[in-house]
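The following exercises are to be worked with the sequence and the coordinates at hand. Each task is followed by a solution in steps.

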Amino acid sequence: GLLPKEPRGLYGRFLAPRGMTGKVSATFIDQRRTYYKATAGALGESDNAWTEFYLPFSAFVCSQSEKGKGLQLGMVGAGDTLEITVGDVLGDSPILFEGLRFVGGTNEEAAVSRRLHRVAVRRALLPEESLPPRRPRLLMTPERLARVQAKVKTSPEAKAVYEAFLREAERILKTYPAEYPAESILRFRAQGEVNPHQWSGQLEGAVTASVIPIETLAAAYQFTGDERYGRFAAKALAGMARDVDADTPMLNKGFYYTRTFYVRALAFGYDWLWPLFTPEERPEGKATLLGFVETIHRDCWEMTWGNRPLRRVWNWTPGLASCAGLGVLALEGETRIGEKAILFDLRRYLRDYLTLGLDPDGCGHEGPSYFAYGIGAGPQFLECLREQGRGDLFEDTNLKLIAPWIVSEILPDGSRWNNLSDCSYGASPAAVYSYVCGRLSEQSRPGILGTARYPD
């Protein structure tokens, strides 16, 4: 009678006194006396408060003759035994359990998993009151802002671009739905008769249309100091972070890569708009960003597009690793996760792609257009790393060679490039090529009195 119609996992809560350490485990024992064990959590996480856990059946692993084999759906039934145990305990106070039950059906499982993932992510954040005030650390440094303003004053071209940018920011203020910014994502409907690939492409269009305006306004706030831009963007980003996280079903129905645009906006938005969030909004935005960072980092190891050793150079990996890397840089010093280890790994993914996905001649194996798409936030990530003294992936990889290769490998019709993979021969304007040209210009034309030039 305890089993629902479609049991998918085990839910429960435990409470341990503050200071107690140890771990909580659950074990299924079937009628053949085969043991499947999973860890539910650490007693220290409780801190004298009820702590929830959910263990999908796939988390239970056999430790006997079928070692490593997971518990599958349909394997749990009448007559099986469930044991809850605690081990490695330091402390002699009682540990309480309640609410043990089986979760049934995919909808209930998704809801429970999403809620508990959010709880776990919030637990990984350091208390707000322990953190000092901060200023932007991603690109919008005082030095860069001063260079941009100087360029606007001295270059007619830069002034025209800057003014067009601010006109776009004003347009967004008048047209963007800041009250419910996630509506076009959560209520997405494809236009016309489409196949799955086209459906995902349309969803990506809805996501980018929802998040790029927030980045634009956040940047406008940094450039001008005008709080109209910043407060509007902070309100919109807080609403988006509340409604769309790493476990949002609609977002997970499309291309996995689509999340890169949103994660980049979360990272820049949190960093650039920090003083304008309310005390309630700030931890919610951080929790959403951290949830994406941890999920992307895990999936880089486990999913086919990122699994090492060779798949790490597939086209999605650098963009995903780069947006998550920006997230780590934005949150650095504010979480309990292994920030330096994760940052090392994400940087390594980008470095590997720029070394192996671009060959020693600068040839982008997947063509100029798909390289520009797949690298995503790569230029911003590697520039942040450079500014913070964490290595220069432009110099240390084959990225610096791609501009000469594009020039030398153009085909006779003037509009196609050689490539070695399954992507298009075309090319399109992209931030990565602007960045490469800016860096090459920096190297070839020293500034006044030998000072460096910057790819702003």
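Is Glu387 buried, partly exposed or exposed? Glu387 is partly exposed, with a relative accessible area of 32%. In these terms, buried means under 20% relative accessible area, exposed means over 50%, and partly exposed lies in between (1.4 Å probe, protein chains only).

The model is a predicted one, in which local features need pLDDT of at least 70 and side-chain atom pairs count only at pLDDT 80 or more, while totals for chains, interfaces and linings use all residues. Residues are numbered from 1 along each chain as its sequence is written, and side-chain values use heavy atoms, with hydrogens and water left out.

**Exercise 1. Identify the salt-bridge partner of Glu387 and state which parts of the chain the pair ties together.**

Step 1. Apply the criterion: a salt bridge is a side-chain nitrogen of Lys or Arg within 4 Å of a carboxyl oxygen of Asp or Glu. Side chains of opposite charge can pair when their charged atoms come close.

Step 2. The side chain of Glu387 meets that of Arg144 in a salt bridge, at 2.4 Å from N to O. Because Arg144 belongs to helix α2 and Glu387 to helix α13 (residues 378-387), the pair ties together parts that are 243 residues apart in sequence. Helices (H or I, at least four residues) and strands (E, at least two) are DSSP runs, numbered from the N terminus.

Step 3. Compare the burial of the partners: Arg144 is buried, with a relative accessible area of 9%, whereas Glu387 is partly exposed.

**Exercise 2. Analyse the salt bridges of Lys286 and of Arg115 in the same manner.**

Step 1. Lys286 forms a salt bridge with Glu128 (2.5 Å, N to O). Lys286 lies in helix α9 (residues 281-302) and Glu128 in the loop between α1 and α2 (142-154), so this pair ties together parts that are 158 residues apart in sequence.

Step 2. Lys286 counts as buried at 0% relative accessibility, while Glu128 is partly exposed at 25%.

Step 3. Arg115 is bridged to Glu52, with the closest N and O atoms 2.8 Å apart. Since Arg115 is in helix α1 (residues 106-123) and Glu52 in strand β4 (residues 51-56), the parts tied together are 63 residues apart in sequence.

Step 4. Arg115 is partly exposed, at 40% relative accessibility, and Glu52 is also partly exposed, at 26%.

Step 5. Place the pairs in context: a search of the whole structure finds 34 salt bridges. Glu128 and Lys286 belong to a network of salt bridges that also links Arg134, Arg137, Asp271, Arg282 and Glu334.

**Exercise 3. Determine which aromatic ring lies under Arg282, and describe the aromatic pairs.**

Step 1. A charge sits over a ring if NZ of Lys or CZ of Arg is within 6 Å of the ring centre and within 35 degrees of the ring normal. Arg282 lies over the face of Trp274, at 4.1 Å from the ring centre. The charged end of Arg228 sits over the ring of Tyr229, 5.0 Å from its centre.

Step 2. For ring pairs, the centres of Phe, Tyr and Trp rings (for Trp, the six-membered ring) must lie within 6.5 Å. The whole structure holds 20 aromatic pairs, and ring pairs link Phe255, Tyr257, Phe261, Trp316, Tyr370 and Tyr373 into a cluster.

**Exercise 4. Describe the surroundings of Leu276 and of Arg264.**

Step 1. Leu276 is in the loop between α8 and α9 and counts as buried at 9% relative accessibility.

Step 2. Beyond its neighbours within four places in sequence, Leu276 is in contact (heavy atoms within 4.5 Å) with Tyr221, Glu227, Gly230, Arg231, Ala234 and Glu281. The C-alpha atoms of Leu276 and Glu227 are separated by 8.5 Å, although these residues are 49 residues apart along the chain.

Step 3. Arg264 is in helix α8 (residues 259-272) and is buried, at 15% relative accessibility. Leaving aside neighbours within four places in sequence, the contacts of Arg264 include Ile212, Glu215 and Cys323.

**Exercise 5. Locate the residues Arg33 and Leu139 and give their phi angles.**

Step 1. Arg33, which is not a glycine, has a positive phi of about 65°. Arg33 is in the loop between β2 (21-29) and β3 (35-42) and is partly exposed, at 48% relative accessibility.

Step 2. Leu139, also not a glycine, has a positive phi of about 70°. Leu139 lies in the loop between α1 and α2 and is buried, at 14% relative accessibility.

Key:
Rings of Phe, Tyr and Trp (its six-membered ring) pair if their centres lie within 6.5 Å; planes under 30 degrees apart count as stacked, over 60 as edge-to-face and the rest as tilted.
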